[in-house]
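Q: I'm new to this structure. Could you take me through one helix packing, step by step?

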Amino acid sequence: MEESKRYKTMVKQTMGKKKNNKKGHGSGSGSGLLRMKVRKLQILIPGGKRCNHPNLLLLKTVDYIVYLKLKLRLLKALSDSL
């Protein structure tokens, strides 16, 4: 529940800010590589394709990493108890 509140707050904040600064977008081969890496991350993270802003995608990624660590800890505890 906390994750969804934080996500909605971040969406409101980022959608309210419109930047006209196009410096660095599309200039050179680095931006294509970055775009490709972002798309790969969007595929790996559940719900990542809905994130249309890199900051939101990074928040989702952090939340997913925490989730996986907790799941791993739980599975280790279960296997140790057997």
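A: **Two helices and their contact**

Helices α2 and α3 lie oblique to each other, because their angle is neither under 35 degrees (roughly parallel), over 145 (roughly antiparallel) nor 65 to 115 (roughly perpendicular). This is a predicted model, where local features need pLDDT of at least 70, side-chain atom pairs count only at pLDDT 80 or more, and totals for chains, interfaces and linings use all residues. Residues are numbered from 1 along each chain as its sequence is written, and side-chain values use heavy atoms, leaving out hydrogens and water.

Two packed helices are described by the angle between their axes and the distance between the axes. Here, α2 (residues 30-44) and α3 (residues 54-81) pack at about 45°, with axes 11 Å apart. Axes are lines fitted to C-alpha atoms over the stretch in contact, with angles running from 0 to 180 degrees between N-to-C directions. Helices are DSSP runs (H or I, at least four residues), numbered from the N terminus. The crossing of α2 and α3 is left-handed, meaning the near helix is turned anticlockwise from the far one by less than a right angle.

Who touches whom? On the α2 side you'll find Val38, Leu41, Gln42 and Leu44, meeting Leu57, Thr61 and Tyr64 of α3 (contact means heavy atoms within 4.5 Å). Those residues divide into 5 nonpolar, 2 polar and no charged.

Now follow Tyr64. The whole structure has 1 aromatic pair: tyrosine 64 with tyrosine 67, stacked at 6.0 Å centre to centre and 20° between the planes (ring centres within 6.5 Å, planes under 30 degrees apart). The two tyrosines sit 3 residues apart in α3, so about one helical turn separates them. Tyrosine 64, at 25% relative accessibility, is partly exposed, and so is tyrosine 67 at 44% (partly exposed lies between buried, under 20%, and exposed, over 50%, with a 1.4 Å probe and protein chains only).

Technical notes. Ala, Val, Leu, Ile, Met, Phe, Trp, Tyr, Cys and Pro count as nonpolar, Asp, Glu, Lys and Arg as charged, and the others, Gly among them, as polar. Rings of Phe, Tyr and Trp (its six-membered ring) pair if their centres lie within 6.5 Å; planes under 30 degrees apart count as stacked, over 60 as edge-to-face and the rest as tilted.
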